[in-house]
Amino acid sequence: MLVGHLQRLNAARGARLATVTITELDTGTTRLFHEGEPHDPSVAQSIESALRTGKSGIVEIGGQAAFVNVYLPPPRIVVIGAVHISQALAIMADIAGFDLSIIDPRSAFATQERFGQTKLVAEWPEDALRHTPLDAYTALVAVTHDPKIDDFPLAQALEAGCFYVGALGSRKTHARRVERLMKLGVDENRIAHIHAPIGLDIRASNPAEIAVAILADIILTLRTRDVTAGRGTKE
Amino acid sequence: MLDQPLYPDPLTVAGEWHADGRGVAIATVIETWGSAPRPVGSHLVIDSEGNFHGSVSGGCVEGAVIVEAAEVITSGTARILEFGVADATAWRVGLSCGGRIRIYVERLG
């Protein structure tokens with residue numbers, strides 16, 4: 001692989017741009033293609049198939065064996081609340097290969113001093129989600145405990161078909177949340193998709209352990225979701 | 001947080017090594033049969049000193065790949081390696097899981 005190709009590939013991965021490399025196994029020549037560009041007709045089908053399925057493998061191009069490697073952007077986690085749990089979750093999600101960002105309008109919480117290199121947006125979710133909308137490849141984790149901050153993004157996440165929607169709080173807290181969301185006009189069947197209490201039940205007893213429970217729950221939901229339903233959620 | 005990431009991304013490391021003037025090889029899983037520990041497309045990157053990041057198996061064949069990578073960095077000629085339980089050197093570098101993998105090793109640059 002040429003250094004120029006590696007630089008372009010790394011830049012594209014950083015910018016969440018799906019990329020495919022095709023390497024002729026006889027000559028070692030590598031070509032690089034980005035999603036959304038017009039492609040050379042001899043390889044267009046291999047590129048489209050790789051982008052659609054996310055599967056890498058060997059194909060035949062012009063009678064020669066070539067290796068197609070596809071690099072899709074990692075799923076996103078959007079956390080509402082720059083709290084103690086989020087500090088641990090940000091580090092773990094980075095290790096697990098997720099692209100995590102945190103939204104919290106309380107500027108005392110959302111400080112770079114507390115969160116290092118994690119992407120922080122110190123705005124109300126109403127504003128933050130306007131420039132970066134949620135989608136089916138995003139997990140929404142609401143952990144502020146504050147309905148004024150959590151409720152809007154939860155409703156948005158259900159609307160957008162986020163593959164995971166979770167909210168912190170006891171069963172009692174969640175029952176009140178369900179009532180509020182129904183008053184906002186959110187469909188009851190959709191509300192049932194919220195993971196609450198959030199996280200797998202591993203008897204987590206401190207912020208870092210709760211972060212493990214949340215991340216495990218997100219991974220389980222991601223790997224078992226029904227991709228044919230087109231809506232990201234499992235049920 | 002930290003100057004160096006706790007969990008470095010192999011292709012990013014490869015770029016940094018090259019920028020440092022080190023010889024670099026990239027090994028990629030191109031085909032698997034049976035129960036293979038890492039999926040097709042996985043990368044292991046190696047520098048001319050034998051430092052490495054990433055993986056192409058569960059640690060079973062990395063040692064052998066690193067040895068081959070040193071030769072690829074010197075010669076510049078890419079090669080394809082194959083590992084499996086049926087391999088003649090299986091007692092040393094085979095895959096205990098019973099799978100078979102093919103790995104493409106190329107020089108960066």
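The exercises below, each with a worked solution, concern the strands, a helix and two charge-ring contacts of a predicted model.

**Exercise 1.** Determine the strand order of the open sheet in chain A, and explain which sides of its strands lack a neighbour.

*Solution.* Begin with the pairings: strand β1 (residues 19-24) of chain A is joined to β2(A) by 5 bridges and runs antiparallel to it, while β1(A) also pairs with strand β4 (residues 64-71) of chain A, again in the antiparallel sense, over 6 bridges. Individual partners fix the register, since I22(A) has R31(A) as its bridge partner in β2(A), and T19(A) has Y71(A) in β4(A). The open sheet of 4 strands then reads β2-β1-β4-β3 in chain A, with antiparallel pairing. β2 and β3 (57-61) of chain A stand at the edges with a single partner strand each, so one side of each has no neighbour in the sheet. From one strand to the next, the twist averages 30 degrees.

**Exercise 2.** Describe the surroundings of β2(A), and decide whether this strand is largely enclosed or open.

*Solution.* Consider first the connection: β1(A) and β2(A) form a hairpin with 5 residues between them, and in the turn G28(A) has a positive phi of about 80 degrees. Next, helix α1 (residues 3-14) of chain A lies across β1, β2 and β4 of chain A, and runs at about 25 degrees to β2(A). Finally, 4 of the 5 residues of β2(A) (residues 30-34) are buried, so the strand is largely enclosed by the rest of the structure.

**Exercise 3.** Identify the rings over which the charged ends of R106(A) and R100(B) sit.

*Solution.* In chain A, the charged end of R106(A) sits over the ring of F109(A), 4.0 Å from its centre. In chain B, the charged end of R100(B) sits over the ring of W33(B), at 4.3 Å from the ring centre.

Conventions:
Residues are numbered from 1 along each chain as its sequence is written. Chains are lettered from A and ligands numbered from 1 in the order in which they are written. This is a predicted model: local features need pLDDT of at least 70, side-chain atom pairs count only at pLDDT 80 or more; totals for chains, interfaces and linings use all residues. Side-chain values use heavy atoms; hydrogens and water are left out. Buried means under 20% relative accessible area, exposed over 50%, partly exposed in between (1.4 Å probe, protein chains only). Helices (H or I, at least four residues) and strands (E, at least two) are DSSP runs, numbered from the N terminus. Two strands pair if DSSP finds at least two bridges between them. A charge sits over a ring if NZ of Lys or CZ of Arg is within 6 Å of the ring centre and within 35 degrees of the ring normal. Axes are lines fitted to C-alpha atoms, for helices over the stretch in contact, and angles run from 0 to 180 degrees between N-to-C directions. Contact means heavy atoms within 4.5 Å.
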